[in-house]
Amino acid sequence: MADDTTERLATALRGDIHNARPFAIFDECDADRDGLISSDDFAAGLRRLGLDMDDPAGFFYRLKGDRDASLNYGEFSRGLRFVVREASEAPPPPLDLPRGA
């Protein structure tokens, strides 16, 4: 099941994962324009985009799949597609029904 962080980013990207949105996010995170983003770059870029997360470092390493220091665009894009697909396949959360319903 997708966690809240995954679901929020997946919702922000849903319907646009193969278009410009992933590149726009990467570009915003790559402040020094070296073609790589670190965990700190990722967190700062998401804040600038209004996509604050509880654990951006954990999410960054989830995208990466290992503990290397940085992500290039290819790794970033593949990671985003994976988490969006994972969030889309997750069962919906249970409904909170009022008592007696």
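Author: A residue counts as buried when its relative accessible area is under 20%. The model discussed here is a predicted one.

Reader: Is phenylalanine 60 buried or exposed?

Author: The cut-off for a buried residue is a relative accessible area under 20%. Phenylalanine 60 has a relative accessible area of 0%, so this residue is buried.

Reader: How many aromatic pairs does a search of the whole structure find, and what is the angle between the planes of phenylalanine 42 and phenylalanine 60?

Author: The search of the whole structure yields seven aromatic pairs. One of them joins phenylalanine 42 to phenylalanine 60, with 5.8 Å from centre to centre. This pair is tilted, and the angle between its planes is 50°.

Reader: Which helices does this pair link?

Author: The two residues stand 18 residues apart, so the pair links distant parts of the chain. Phenylalanine 42 lies in helix H3 (residues 39-48), whereas phenylalanine 60 lies in helix H4 (residues 56-64). The helices linked are therefore H3 and H4.

Reader: Which residues have the most contacts inside the largest nonpolar core?

Author: This core holds 15 residues. Helix H2 (21-29), H3, H4 and helix H5 (73-89) each give two or more residues to the core. Those with the most contacts inside the core are Ile37, Phe42, Leu63 and Phe76.

Reader: Why do the buried residues of H2 line one face of the helix, and what arc do they occupy?

Author: The buried residues of H2 are Pro22, Ile25, Phe26 and Cys29. They line one face because, seen down the axis of H2, they fall within an arc of 95°.

How values were computed
Residues are numbered from 1 along each chain as its sequence is written. This is a predicted model: local features need pLDDT of at least 70, side-chain atom pairs count only at pLDDT 80 or more; totals for chains, interfaces and linings use all residues. Side-chain values use heavy atoms; hydrogens and water are left out. Rings of Phe, Tyr and Trp (its six-membered ring) pair if their centres lie within 6.5 Å; planes under 30 degrees apart count as stacked, over 60 as edge-to-face and the rest as tilted. Helices (H or I, at least four residues) and strands (E, at least two) are DSSP runs, numbered from the N terminus. Buried means under 20% relative accessible area, exposed over 50%, partly exposed in between (1.4 Å probe, protein chains only). A nonpolar core is a set of buried Ala, Val, Leu, Ile, Met, Phe, Trp, Tyr and Cys residues joined through side-chain atoms within 4.5 Å. The arc is that of the directions from the helix axis to the C-beta atoms.
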